[in-house]
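Work through the three exercises below with the structure open. Try each task before reading its solution.

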Amino acid sequence: MTTEIKLPFDKAFVSSFSSVVNEPAWFAELRLKALEQFEQLSMPKPDKTKIDKWNFTQFHQHTVKSTAYTSLAELPNEVKALVDVDAGNQNLYIQRNQTPAYLSLSDDLRNKGVIFTDIFTAAREHGDLLKKYYMTQAINADEHKLTALHAALVNGGVFVYVPKNVEITEPLQAVFVHDDAEANLFNHVIVVADDNSSLTYVENYISTVEESNTLANILTEVIATTNARVQYGAVDNLAKGITTYVNRRGVAGRDSEIDWALGSMNEGNTISENTTNLLGDGAKGDTKMVVVGRGEQTQNFTTTVVHYGKHTQGNILNHGVVKESATTIFNGIGKIEHGASKSDAEQTSRVLMLSEKARGDANPILLIDEDDVMAGHAASVGRVDPVQLYYLMSRGIPQTEAERLVIHGFLAPVVNQLPVEKVKKQLTEVIERKVR
Amino acid sequence: MAGSTLTIKDLHVAIDGKEILKGVNLEIKGGEIHAIMGPNGTGKSTLSSAIMGHPKYEVTSGSITLDGQDVLEMEVDERARAGLFLAMQYPSEINGVTNADFLRSAINARRGEGNEVSLMKFIRQMDKQMEYLEMDLDMAQRYLNEGFSGGEKKRNEILQLMMLEPKIAILDEIDSGLDIDALKVVSKGVNQMRNEDFGCLIITHYQRLLNYITPDYVHVMMQGRIVKNGGPELAQRLEAEGYDWIKQELGIEEETVEQEA
């Protein structure tokens, strides 16, 4: 069944946007082609969640006007809590709605050839390099309607490139501030770690508005070529009313490793995909994710590791807390392709439900087309164990505090994996606020 | 201040509708150490769980009071803050909550808001007691009971006892599964608590523990009742002769009331 979806933005609009931001021809063409493809493609079909009534395509504003920050002192307090306001020589990109609003990259990294800039500047100044990786290796525009829509309308994002043999110890941090209730995010993050390089990248999506009837269509591509290591941390904290499609996908070449630490704290309905393709022999992929669902929201998280290379290792650990009338679905997929011998696909998904009406589901899926492999899965959906509460309370801890400890403890093993202390602290605070 | 008194009168307790305790009477005062002995399945652990307020155990009649206060009216955490402590036979494992965070929460819950223990003082105290119990100091930062061996869990229960300093403690089969060295350490911890303000009820079916912690009173439980009372010599006779002579004396054929624990 295909229903006709009329987009609010047409070819002429897209072309004029391309020329306003002064994009190279290949980028503008990619947009137009994707806009065309949009018509023929179908919507993605997340397992166990019906999204045909969700609005991913109708909205009013493609971009909103926002002013840049002249200094970090101007940041709203919620954002100040995430960054080191006093540090001088740090690696920090802040985007305000769609506007690149602050950028700082240390001289050391600049001299080593590291690129860390907004997606439009990257298209203008590092066009050839961006072209090589942008929607070519990890995510294609023509996968379904939402990838095509994203490619056609991308209006923000960041490009990170770490040259061969460069190992970055300090994290690169990006903060995407959503402070305009009319702003729709088509954000594209692309992180390339060239041979023998390593980096840690951490991003926050944060709404400072209470509620917003908009949508977010976020794509992330991580490419780790050969013997490279990427640690990718993300905390999504978008406001109530925002319908989010977020797809973070990594491609790991021979002996490369991509580690994801993801905190999904969105208040709106969310479809999230996180995929790691282990292309090269000896590649590793590791995803750790925490999720809190509350209110009426429905969230669906599909975490996939696909093993192509031999001796590849994939690990998925998802923990979710659901309260009130919220629904949280975890789909964990470990796929081992024929020929990926000696590979290991492991996954654990756990959902803790805090109320009668909360719904949780954890579906482990193993698709194995090779004999000589290891695979394992664990999944559980349950409520707070009354015997655990009894034990804590028997030491004098009141019930609410005992529940807080159990919930905090349930999420902590994943939260503790986040690479930046401030982000970890802030995520802990968000969790405490949400589960109270 | 003189010690507290825990008074249990004609206590009847059921699990899933089945009556396990059929009228238990017991009084424990500060300064006293009581031991309840008896074969498996006679209701000993049910008594300890009922005193602490385990959700599965239903008190159908009788009373428990602490210094005249109705314990049965209190929530589990209130019982603890009133001065009761239960070292459990099977302590829960709680992922993601460190031993230290847990203990600090428990101490602060007693002290109340605005009167929290200072972090330094807490760490010093915890280190000191862990050393006394010959525990690896790393265990402070491990998740509560998770992956602990049987002996480590028991030591950890005694560590909590020493840190929380209750008025009346119940030790539910704290000796089961312990080797002799661990048993000595656990006993050392309990003996250190011994003073006129501290009352203790030890539940065991081995006399062995009582070689290290000498009780003032020994009670024998069968069929959900206390059927015999005595001093330390009673424990020794039970060790030497078993329980059959009591059964004969009282005309009891089947001593149990519950499934094997």
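**Exercise 1.** Describe how helix H2 (residues 25–40) of chain A packs against helix H7 (residues 145–153) of chain A.

*Solution.* The model is predicted. Start with the axes: those of H2(A) and H7(A) come within 7 Å and cross at roughly 150°. Angles over 145 degrees count as roughly antiparallel, so H2(A) is roughly antiparallel to H7(A). Next, the hand: this crossing is left-handed. Now the residues. H2(A) brings Leu30(A), Arg31(A), Ala34(A), Leu35(A), Phe38(A) and Glu39(A). They meet Lys145(A), Ala148(A), Leu149(A), Ala151(A), Ala152(A) and Leu153(A) in H7(A). Sort the residues of this contact by class: nine are nonpolar, three are charged and none is polar.

**Exercise 2.** Find which residues touch the most other members of the largest nonpolar core.

*Solution.* This core has 113 residues, and the two to pick are Leu47(B) and Leu171(B). Then ask which element gives the most to the core: helix H9 (residues 399–415) of chain A, with eight residues. Look around Leu47(B). Leaving out residues up to four places away in sequence, its contacts include Ile8(B), Leu11(B), Val24(B), Ile36(B) and Leu201(B). Another core, of 51 residues, lies apart from the largest one; Val158(A) and Ile316(A) are among its members.

**Exercise 3.** Decide whether Ser256(A) is buried or exposed, and locate its surroundings.

*Solution.* Place Ser256(A) first: it sits in the loop between strands E10 (243–252) and E11 (257–264) of chain A. Its relative accessibility is 1%. Buried means under 20%, so Ser256(A) counts as buried. Now check a partner. Asn227(A) is 29 residues away along the chain, yet the two C-alpha atoms are separated by 4.3 Å. Ser256(A) also touches other residues, including Ala224(A), Gly282(A) and Lys284(A).

Conventions:
Residues numbered from 1 in each chain as written. Chains lettered and ligands numbered in written order. Predicted model: local features only at pLDDT ≥ 70, side-chain atom pairs only at ≥ 80, totals over all residues. Heavy atoms only, no water. Axes fitted to C-alpha atoms, helices over the stretch in contact; angles between N-to-C directions. Helix = DSSP H or I, 4+ residues; strand = E, 2+ residues; numbered from the N terminus. Parallel < 35°, antiparallel > 145°, perpendicular 65-115°, else oblique. Left-handed = near helix turned anticlockwise from the far one by under 90°. Contact = heavy atoms within 4.5 Å. Nonpolar A, V, L, I, M, F, W, Y, C, P; charged D, E, K, R; others polar. Core = buried A, V, L, I, M, F, W, Y, C linked by side-chain atoms within 4.5 Å. Buried < 20%, exposed > 50% of the residue type's maximum accessible area, 1.4 Å probe, protein only.
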